[in-house]
Amino acid sequence: MADIIFPHQHILGIEGMGPDAISTILDLSESYVDLNRQRDKKRSDLRGRTVINVFFESSTRTRTSFELAGKRLGADVINIAVEASAINKGETLLDTAMTLNAMHPDVLVVRHPYSGAVQLISEKVECAVINAGDGWHEHPTQALLDALTIRRRVGKLAGLNVAICGDVAHSRVARSNILLLHTMGAFVRIVAPPTLVPADAAKLGVDVYHDMAEGLKGVDIVMMLRIQTERMRGSLFPSQREYFRYFGLDAEKLKAAKPDALIMHPGPMNRGIEIDSDVADDINRSVIPEQVEMGVAVRMACLDLLTRNVIANFDDDSSKGGAA
Amino acid sequence: MRRAFVNARLLDPASGLDQKGGLLVLGESIADIGPHIRPGQLAPDIEWVDCHGHCLAPGLVDMRTQFREPGEEHKETLDSISRAAASGGITALVGLPNTRPVIDDVAVVEFVARRAREVKLVKIFVYGGVTKGLDGKQLVEMGLLREAGALAFTDGLHAVRNAQVMRNALSYAKAFGALIIQHPEDPDLADGGHMNEGELATRLGLAGIPTAAESVLLERDRRLVALTGGRYHAAHVSSAEGLAVIRRAKAQGLRMTADTAPPYFALNDLEVQGYRTFAKVSPPLRSEDDRLAVVEALQDGTIDVIASDHAPHDQESKRIPFAQAEPGMVGVETLLPLALELYHKGQLPLLDLLRKMTVAPAQLLGLPLGTLGIGKPADLVLFDLDRPWRLDVKGGVGKSKNAPYDGRPVQGQVRMTVVDGRIVYQVPEN
């Protein structure tokens, strides 16, 4: 694997990432999927490296996924949860970054409630930074794990029709997925009530639908998004009941999609609001647990690639072991 | 003190004068002006300044700045803003009432006046709030504040949200002939937004503010001006839709005027790319179409005034995530060169451009400034119209450096600024 070329110092978003870089990550992830299914999952590739998960916004699954990924590769992983109340003065953000930087981590994995905050941190530190979700902006490892899930199930990404349904306006998952799927040659539609479609969405190159039956017609993939409970209080839509009636995924609405269309959801699900349990738990169609599994593999690949670059930069590859 | 400025290109928008000649200052006032004032014709006791053919115009009157003193002296002080303004050719500044404490009371007006006398560089004026505490509820003592020196009334960065309060403000202000200045942005439509709504906001994942936030409030206010017959001024208008409302009001004969600031004709929302907090302003930078509409409105007179909209902020207010950053840019030092871009691009004749920064704001605010009339205060700016240079915000005079103009090539540079006959700024010799 010494000949892998990955031309990025950080993974801040899918934007700016070409098809080769995406394929490199996905290909490497495949090998880690196999590793993760073995009884002995521990590697030593990242022995001596330090990964710090800095979460300015609470998260269980993403943080756990990164933590497992780092530990399985042999890195020392530390989790830091920063109370939202402690960051209302922004100076603390860069101070936090500089403090962490002084501890010489190799990778910082950062989640932050404000768009652009992870990029800001990356400009202040010397190590690699992975964006674990920033505001409504991007969540690149989620898009990568979604792509890996699809690629393994369908065999390709190019030419597929993907419907992303729900609260696109406030979704970093949707933004990263739209960018990745377009880069890899898929076609993307979004299906949502007009109040949850971002401004000028069509300029992102997607087709916009406000009707599930139409929007799901003939699609290969149905990606549901989580409705954030805090949005339900505003005037974006009137009630959970009405939302589920028109925009929740159930067996009836799913009939419009291709018969073998896959159902995806980044989790955690609001059952009975954006997705009905019957389809969420349909073992033939739903790949939701598989997404979680792919998440660990993708994050292992990201940590691996970024620390290789660090190694290359320091011209010290004595501890580098082959990954595949 | 008797001083003559000779070999100048005299520019006086108030009288339409654009002629080679000189200007004589006796004490604090302009004593004479015209082609007959030449070095050879001067009495020996008159000190003379050779203008080398550069432009001599009334000093600029900047009707929208934020002083930060009292209360936030780490961002700007009356001393630092005065020096910055003087270096930008500005001879009179008007500050918003959003100091700490806010200006809703005679005592704070008097405090600023006293500090201005101490600093004594450029002329310093203030607005009073429309409402106590700038919170949009109870009217300030407009009569008393006006007597103390408040030039007009505005809630500063906040719109007067309640239509009834606005109606009463416009109506009550008529008793004193006072002007109400509005930040025209509907607070509900703008709520939570950080930049112009559109493709870039969507890509960056930032909450957008639609241009309708501006036009909706202006449209409401247009009807309230019609209802009350009050005097209303819309600050920093940024969008085509908003300008259409002003245009309609003027066609109706309503007493509605407007200003804009350099960010709205020199930049567009793409400046925000990369989460540049220096490009965060309120109202937000708009689309290129809106920018062009602002230029057009400057040409057809829909926009009466260009103000700097100077909003100094320290690093701690800007080197943070975009959503948390304070809006605003510094602007007093860059007002003239950025405005001159409109002249150099052939978009606005020189006298029309200068009018919007001199006599137009002065008349709007009832100040006897902004002209080269005989007997008027000798507030002057001497500038080299064509000199090419690059803006250097970081190397500026003001305390804060928050503006995205560093390295921008411009043409036109201030050489000297004069207030009441005193030279308050002179370009360093190089």
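**Figure 1. Salt bridges across the interface of chain A and chain B.** How many salt bridges does the rule find across the interface of chain A and chain B? The count is 0. Keep in mind as you look around that this is a predicted model. Polar contacts do cross the interface of chain A and chain B: 7 residue pairs make them, with both residues at pLDDT 80 or more. On the side of chain A that touches chain B, the elements giving two or more residues are three helices, namely α3 (91–102), α4 (117–122) and α6 (172–183) of chain A. That side of chain A is made up of 11 nonpolar, 7 polar and 6 charged residues.

**Figure 2. The area shared by chain A and chain B.** Here the contact can be followed residue by residue, with 24 residues coming from chain A and 17 residues from chain B. Which residues of chain A lose the most area to chain B? They are A:Tyr114, A:Ser115 and A:Ala199, and together they account for 23% of what the chain A side buries. Between chain A and chain B about 1800 Å² is buried, and carbon and sulfur atoms give 60% of that area. For the complex, the predictor reports an ipTM of 0.91 along with a pTM of 0.94.

**Figure 3. A:Ser286 and its neighbours.** This view moves to a loop of chain A, the one between α10 (277–280) and α11 (288–314), where A:Ser286 lies. Is A:Ser286 buried or exposed? It counts as buried, because its relative accessibility is 7%, and the cut-off for buried is under 20%. A polar atom of the A:Ser286 side chain sits 2.7 Å from the backbone oxygen of A:Ala280. Leaving aside residues up to four places away in sequence, A:Ser286 touches A:Ile263, A:Val279 and A:Ala280.

**Figure 4. A salt bridge between A:Glu293 and A:Arg37.** The closest N and O atoms of this pair are 2.6 Å apart. Where do the two partners lie? A:Glu293 belongs to helix α11 of chain A, while A:Arg37 is in the loop between α1 (19–36) and β1 (50–55) of chain A. The pair links distant parts of the chain, 256 residues apart. With 28% relative accessibility, A:Glu293 counts as partly exposed.

**Figure 5. A salt bridge between A:Glu57 and A:Arg172.** In this close-up the two side chains meet at 2.8 Å, N to O. A:Glu57 is in the loop between β1 and α2 (61–72) of chain A and A:Arg172 is in helix α6 of chain A, so this salt bridge ties together parts that are 115 residues apart in sequence. A:Glu57 is partly exposed at a relative accessible area of 26%, whereas A:Arg172, at 13% relative accessibility, counts as buried.

**Figure 6. A salt bridge within one helix of chain B.** The side chains of B:Arg203 and B:Glu199 meet here, 2.9 Å from N to O. Both residues lie in helix α6 (residues 199–204) of chain B; they are 4 residues apart, about one turn of the helix. B:Arg203 counts as partly exposed at 30% relative accessibility, and B:Glu199 is also partly exposed, with a relative accessible area of 26%. In chain A, salt bridges with shared partners join A:Asp27, A:Glu30, A:Arg151 and A:Arg152 into one network. Over all chains, the structure holds 39 salt bridges. The mean pLDDT of chain B is 97, and 100% of its residues reach 70 or more.

How values were computed:
Residues are numbered from 1 along each chain as its sequence is written. Chains are lettered from A and ligands numbered from 1 in the order in which they are written. Side-chain values use heavy atoms; hydrogens and water are left out. Contact means heavy atoms within 4.5 Å. Buried area is the accessible area (1.4 Å probe) that two parts lose on being put together, summed over both. A salt bridge is a side-chain nitrogen of Lys or Arg within 4 Å of a carboxyl oxygen of Asp or Glu. A polar contact is a pair of N or O atoms within 3.5 Å; within protein, one must be able to donate a hydrogen and the other to accept it, and residues adjacent in sequence count only if both atoms are side-chain atoms. Ala, Val, Leu, Ile, Met, Phe, Trp, Tyr, Cys and Pro count as nonpolar, Asp, Glu, Lys and Arg as charged, and the others, Gly among them, as polar. Buried means under 20% relative accessible area, exposed over 50%, partly exposed in between (1.4 Å probe, protein chains only). pLDDT is the predictor's confidence in each residue, from 0 to 100.
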